[in-house]
Amino acid sequence: MNQVCNLAPGSVITGKWNQERYTIIKALGQGATGNVYLADCRRGNVALKLSENSMAITSEVNVLKHFSKVQGTLLGPSLLDVDDWKYNSQRLVSFYVMEYVQGKNFLEFTEQRGIEWAGVLTLQLLTNLESLHQAGWIFGDLKPENLIVSGPPPRIRCIDVGGTTQQGRSIKEFTEFFDRGYWGMGNRKAEPAYDLFSVAMIMINAAYPKRFKKSNDRDGQSQLIEKIKQHPFLLKHEDVLEKALTGNYLSAGEMKSDFIHLLSKKTCKGRSASSSYKTKVSKQSGPQPHKPKKTQTQQTRQQVKKKKKKANFFLETVVILIGVCVIYSLYVYHVLL
Amino acid sequence: MIIVLRHGMIEQRENLWRMEHLSRRVSMEKGHLKQILLITDGCSNHGEDPIAMAALAQEQGITVNVIGVLEENVIDQESLQEVEGIAMSGGGVHQIVYAHQLSQTVQHVTRKAMTQTLQGVVNKELQQILGKHTSMEELPPEKRGEVMEVVDELGETTSLEILILVDTSASMKPKLPTVKEALLDLSISLNSRIGDNRFSVSVFPGKKDDVEQVLDWTPRLESLSSIFPKLSTGGITPTGPAIREAIGQFKKKRSLRNLLRNEEEYYDESSM
């Protein structure tokens, strides 16, 4: 639609306002609004996005500027320069320059290193999303292609921020598979739950790298739940995924703590946890009564915790009492002898 | 000389960068955005020239956007030209797609057209403040960013009236279920905005006339699901007359609203 000029390696771009020179090394990819190139300049290697649609570029630059104000997050690439370039000495093309984030994309990484990485990377993503949400922004177009794992140590970064939207507005850009509107599971209002739905879909995508289409003869929710049940990795995280898909998390932090709870529970006291999963799964054959069951499991979880705490308390008291008795008896012996 | 220049710049900045002021002016100028979204698969063969009708719409402040739905592996040069021509003279956006990509395209084209129209209005305001020959593209990137925030905000908050014109000539028949899905999807997107939306849907050719309105102005498009399966498809493609009728429907609505407003005033007076 938007005919963007294709630049050959070696082309030189000079900014109209800031006079910075960039030499194109190679094309990195094609976005919805323009082409991204790897380029060389005084600062070293940078990524340069170029488009004839100067408004789209301006919009993205605005978002990147807001990103830089979000404290302590490494979610997006940092913005280095914004400028225009006279192409063929007549047409003005807008571009911006950002940090070049090197690494594999999310799906390549989990396919090579094992699907268990999907869980870890998702946790990192949730941490980043929480600070972004707290700053009043929603990422919008979350998908594996926009996530790069840089490192080592592996850290997740987002490279395309074009869909980032202020909370309360409507999502600017999205991709069907990761969009709750497409699955008939919500609107496109920019709110934390919108991003969390996409996060759950990224996990599902890690398990089904080829993705799948919405079927015409059933509702999206039951189709997604079934897909989760069919895959052992997703089944482990069913609780969290389902809650995220149905919009029951109000913040990324909430989802993250449930996630950690699940992961740590499985690794240390594996048996009881996994057995409770199995019973739950067998119970959940019908798709309707999800919510009450969820609160039930949460309650039992809390009760177990309480019992454990009580036992600990009791043990502590006994130990202290015995200790005091021993010391006293020693003292008595000492005084008597 | 330099001093004069700098003085001028400061003045400009003071005038210009009261963005709130700018945004208020624009929203006063543009109460509602009016759009026609034409979904068609080919050449018109009946009635007026659709490109002329699109120009007529544009003259009256209505943008005409066109989505050309194509068969795979067929490139019909004549259809392409017509689609492009209508959008160009209608001041809108056009895009050619295959049926299965329709959903994302419809919402993308609508959004892009809104931004484009608002940019046009903002540009006009800027020219009044800064003098002729100044458009957003010529501002330094920093300032452009601020103007863009105004455009973004307006796009989110202004009311939108969108009239959807669907070509139901025989060749479109297999694509109609996809068109329906795409329109429902559009309503999810637009109803997630802060601003109000009004939709109206017409099909051409209609049962008796060239054009038939199947859904009157409403904020919700959901009722389409029941209407679409009943649509019959016809032989001719009266694209031009369809656009002409569509313009009329915007007017009809406005006069009705004026009537209501007059009544309200009347009541106010009597209560005093």
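In chain B, helix H4 gives way to Gly91(B), which has a positive phi, near 65°. That is one detail of a predicted model, and this briefing works outward from there. Chain A holds ten helices and eleven strands. Chains A and B touch, with 20 residues from chain B and 20 residues from chain A in the contact.

**Helix H4 of chain B**

- H4(B) covers residues 77-89, which makes 13 residues.
- At 1.5 Å a residue, H4(B) should span 18 Å, and its end C-alpha atoms are indeed 18 Å apart, so expectation and model agree.
- Five residues of H4(B) are buried: Glu82(B), Val83(B), Ile86(B), Ala87(B) and Ser89(B).
- An α-helix has 3.6 residues a turn, so residues three or four places apart point the same way.
- The cover over the buried residues of H4(B) includes two strands named S1 (32-40) and S2 (62-70) of chain B.
- Helix H3 (50-59) and strand S3 (91-98) of chain B also belong to that cover.

**Chain A overall**

- Chain A has 337 residues, and buried residues make up 34% of them.
- Take the contacts in chain A with a separation of 6 or more: 60% of these join residues 24 or more positions apart.

**Helix H4 of chain A against helix H3**

- H3(A) runs over residues 116-134, and H4(A) over residues 192-207.
- Their axes lie 11 Å apart, at an angle of about 165°.
- An angle over 145 degrees counts as roughly antiparallel, so H3(A) and H4(A) are roughly antiparallel to each other.
- The crossing of H3(A) past H4(A) is right-handed.
- From H3(A), the contact uses Ala118(A), Thr122(A), Leu125(A), Leu126(A), Leu129(A) and His133(A).
- From H4(A), the contact uses Pro192(A), Asp195(A), Val199(A), Ile202(A), Met203(A) and Ala206(A).
- By class, the residues of this contact of H3(A) with H4(A) are nine nonpolar, two polar and one charged.

**Helix H4 of chain A against helix H7**

- H4(A) also packs on H7(A), residues 238-245, with the axes 8 Å apart and an angle of about 140°.
- That angle makes H4(A) oblique to H7(A).
- H4(A) passes H7(A) in a left-handed crossing.
- H4(A) brings Leu196(A), Phe197(A), Val199(A), Ala200(A) and Met203(A) to the contact, and H7(A) brings Leu241(A), Ala244(A) and Leu245(A).
- The contact of H4(A) with H7(A) has eight nonpolar residues, with no polar and no charged ones.
- Val199(A) and Met203(A) appear in the contact with H3(A) and again in the contact with H7(A).

**Where chain B touches chain A**

- The contact draws 20 residues from each of chain B and chain A.
- On the chain B side, helix H5 (102-130), helix H6 (141-157) and helix H7 (176-191) each supply at least two residues.
- H6(B) gives the most to that side, with seven residues.
- The side of chain B that touches chain A has five nonpolar, eight polar and seven charged residues.

**Helix H1 of chain A across helix H6 of chain B**

- H1(A), residues 54-69, and H6(B) cross at roughly 90°, and their axes come within 9 Å.
- This makes H1(A) roughly perpendicular to H6(B).
- H1(A) contributes Met55(A), Thr58(A), Ser59(A), Val61(A) and Asn62(A) to the contact.
- H6(B) contributes Pro141(B), Arg144(B), Gly145(B), Met148(B), Glu149(B) and Asp152(B).
- The residues of the contact of H1(A) with H6(B) divide into four nonpolar, four polar and three charged.

**Backbone details in loops**

- Gln19(A) is not a glycine, yet its phi is positive, about 60°.
- Gln19(A) sits in the loop between strand S1 (12-14) and strand S2 (21-30) of chain A.
- Gln19(A) counts as exposed because it has 8 C-beta neighbours inside 10 Å.
- Arg211(A), also a residue other than glycine, has a positive phi near 60°.
- Arg211(A) lies in the loop between H4 and helix H5 (220-230) of chain A.
- With 12 other C-beta atoms within 10 Å, Arg211(A) is exposed, since the limit for exposed is 12 or fewer.
- In chain B, the peptide bond from Phe204(B) to Pro205(B) is cis, with omega near -5°.
- Pro205(B) is placed in the loop between strand S5 (197-204) and strand S6 (212-218) of chain B.

Key:
Residues numbered from 1 in each chain as written. Chains lettered and ligands numbered in written order. Predicted model: local features only at pLDDT ≥ 70, side-chain atom pairs only at ≥ 80, totals over all residues. Helix = DSSP H or I, 4+ residues; strand = E, 2+ residues; numbered from the N terminus. Expected span 1.5 Å × (residues − 1). Buried ≥ 20, exposed ≤ 12 C-beta atoms within 10 Å, placed from the backbone. Contact = placed C-beta atoms within 7 Å. Axes fitted to C-alpha atoms, helices over the stretch in contact; angles between N-to-C directions. Parallel < 35°, antiparallel > 145°, perpendicular 65-115°, else oblique. Left-handed = near helix turned anticlockwise from the far one by under 90°. Nonpolar A, V, L, I, M, F, W, Y, C, P; charged D, E, K, R; others polar.
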